[in-house]
Amino acid sequence: VLYPTNFTEGLTITYYKENSSASYDISTYNLARNKCASITDKDAGLTFSDDDSGTDDEETDDELYIPVTSISIQAEKTKFLVDETLSLSVIIIPSDATNQDVIWSSDNPTVASINQAGLLTTHSKGTAIISARTDGVVGNYEIQVIEALYYIDEYGVNHGRGIFLGNNVWAPVNCGYKAPTYDNDNNIIDKGYPYGKHYQWGRQYGQGLGGEYDDDVIEVTPGCVSLEGGQHKSNANKFYTEYDITGDWLATHNNKLWNSGTDALPKKGGYDPCPDGWRVPTISEMKELSSNRSGLITLDNGQKGIYFSGLYKYSESAPRIFLPAAGSRYDLDGKITEFGKWGSYWSSTIYSYNAEHLYFYSSDCDEFTTDRARGLSVRCIQE
């Protein structure tokens with residue numbers, strides 16, 4: 001394929017057979033725009049001479065040229081905020097292909113544009129397909145550009161925009177968080193819920209940390225409760241102990257309470273405790289969050305916990321969120337355990353009769369399953 005041009009100094013075309021070649025010359029030739037041109041029957045009567053194929057220097061062009069078979073774009077995430085930039089790279093197969101020149105393009109440059117050095121820049125909410133082309137082979141990479149929502153809690157308090165940590169936007173505080181309040185003499189009026197609340201898996205309402213940590217005294221009630229009763233607002237401060245070996249508080253298992261979709265395509269369930277626009281994360285999203293983190297630290301206010309930075313390499317200047325070590329509420333008696341030592345955060349992912357959660361102790365962090373009647377913390381993720 002040739003672009004329109006005028007060969008003012010002539011044109012040579014060479015035909016190759018397995019071990020021989022023949023050429024003919026054209027003194028001038030013009031390829032005009034918007035016109036079909038062909039050169040026919042020019043191989044008629046040509047005399048093919050033998051090639052010495054014993055040396056690399058005299059191999060034919062076809063033998064020297066190594067075509068590209070595939071090209072893939074390398075990027076660690078598919079979701080971006082507006083006004084982000086990221087340098088993209090490609091993997092070309094085979095690695096020694098002759099043509100290594102990449103042409104970049106975007107099918108929606110108002111959402112995201114890319115220059116020919118592979119620098120991606122996002123501009124507005126939406127989706128775009130970024131393409132890398134070489135040697136007639138194309139690799140595509142679909143991205144989504146989002147805007148971080150404001151996190152407005154159940155009390156109507158705005159905590160600012162969520163924090164973007166790679167592929168997801170995370171709430172700045174735990175679900176159920178309520179700041180302490182003080183009088184003019186700095187005497188405490190309301191201890192609030194600075195660690196958030198503990199939620200039994202699938203319940204819309206949680207219970208604040210009891211006893212010495214706040215003023216609430218919860219009511220511990222035997223489990224085997226109906227869905228209607230367990231989810232009723234009048235029972236919000238009740239903690240239902242597990243009722244049999246399945247470890248559930250609910251009389252009949254229901255796996256869709258927090259996620260009516262799938263783990264790969266989550267959809268907020270009808271009893272999700274998170275505010276509008278937010279939901280309980282899946283275990284895969286929790287794992288991504290924990291991929292980079294600090295060790296166990298103590299904040300100036302005395303809270304112990306870990307900073308998590310998701311896909312960003314952890315540093316004090318990196319985007320990050322703090323998950324306090326709020327312990328958990330034991331499923332047999334409703335008592336708080338390991339407060340200030342462990343952090344246990346629910347996911348919406350179920351596992352048989354149990355559900356999965358992110359757990360950390362000191363610098364150790366992993367995913368486990370536990371009884372649904374346990375009361376664990378929740379950190380919401382943007383839908």
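Start at the second largest pocket, which has a volume of about 270 Å³. The model on screen is a predicted one. Select Glu154, Tyr199, Gln204, Tyr205 and Pro273: of the 18 residues lining this pocket, these are the closest to its centre. Next, colour strand S15 (150-152) and strand S21 (197-200); each of them supplies at least two residues of the lining. By type, the lining of this second largest pocket divides into ten nonpolar, three polar and five charged residues.

Now move to the largest pocket, with a volume of about 320 Å³. Its lining has 17 residues, and the ones nearest the centre are Lys79, Ala264, Pro266, Arg279 and Glu285. Which element gives the most to the lining of the largest pocket? Select helix H3, residues 283-289: H3 gives the most, with three residues. The lining of the largest pocket divides into three nonpolar, six polar and eight charged residues.

Keep H3 selected for the next stop, as this helix also supplies at least two residues of the largest nonpolar core. That core has 42 residues. To find it, select Phe308, Leu323, Phe360, Val378 and Cys380, the residues with the most contacts inside the core. Then add the strands that each supply at least two of its residues, including strand S18 (169-170), strand S27 (304-308) and strand S28 (321-324). Strand S31 (342-351) and strand S32 (354-361) also each supply at least two. In soluble globular proteins, nonpolar side chains tend to be buried together.

Zoom in on Phe360. What does Phe360 touch, leaving out residues up to four places away in sequence? Among its partners are Leu296, Gly305, Ile306, Phe308 and Leu323. Pro324, Ala325, Lys341 and Trp342 are also touched by Phe360, and so are Gly343, Tyr345 and Cys365.

A second core, separate from the one around Phe360, has 20 residues. Select Ile73, Val102, Ala112 and Leu120 to see some of its members.

Finally, clear the selection and show the whole protein as a cartoon. How many helices and strands are there? The secondary structure comes to three helices and 35 strands. Of the 383 residues in the protein, 42% are buried. Switch to a surface view: the accessible surface comes to about 20400 Å², and carbon and sulfur atoms account for 47% of that surface. Last, consider contacts between residues at least 6 apart in sequence: 51% of them join residues at least 24 apart.

Conventions:
Residues are numbered from 1 along each chain as its sequence is written. This is a predicted model: local features need pLDDT of at least 70, side-chain atom pairs count only at pLDDT 80 or more; totals for chains, interfaces and linings use all residues. Side-chain values use heavy atoms; hydrogens and water are left out. A nonpolar core is a set of buried Ala, Val, Leu, Ile, Met, Phe, Trp, Tyr and Cys residues joined through side-chain atoms within 4.5 Å. Buried means under 20% relative accessible area, exposed over 50%, partly exposed in between (1.4 Å probe, protein chains only). Helices (H or I, at least four residues) and strands (E, at least two) are DSSP runs, numbered from the N terminus. Contact means heavy atoms within 4.5 Å. On a 1 Å grid over the protein atoms alone, a cavity is a set of points where a 1.4 Å probe fits but cannot get out, and a pocket is an open set with protein on both sides within 12 Å along at least five of seven lines; lining residues have an atom within 4 Å of a point. Grid points are joined across faces, edges and corners, and a volume is the space filled by probe spheres set on the points. Ala, Val, Leu, Ile, Met, Phe, Trp, Tyr, Cys and Pro count as nonpolar, Asp, Glu, Lys and Arg as charged, and the others, Gly among them, as polar. Accessible areas come from the Shrake-Rupley method with a 1.4 Å probe; for residues, only the protein chains shown count as cover.
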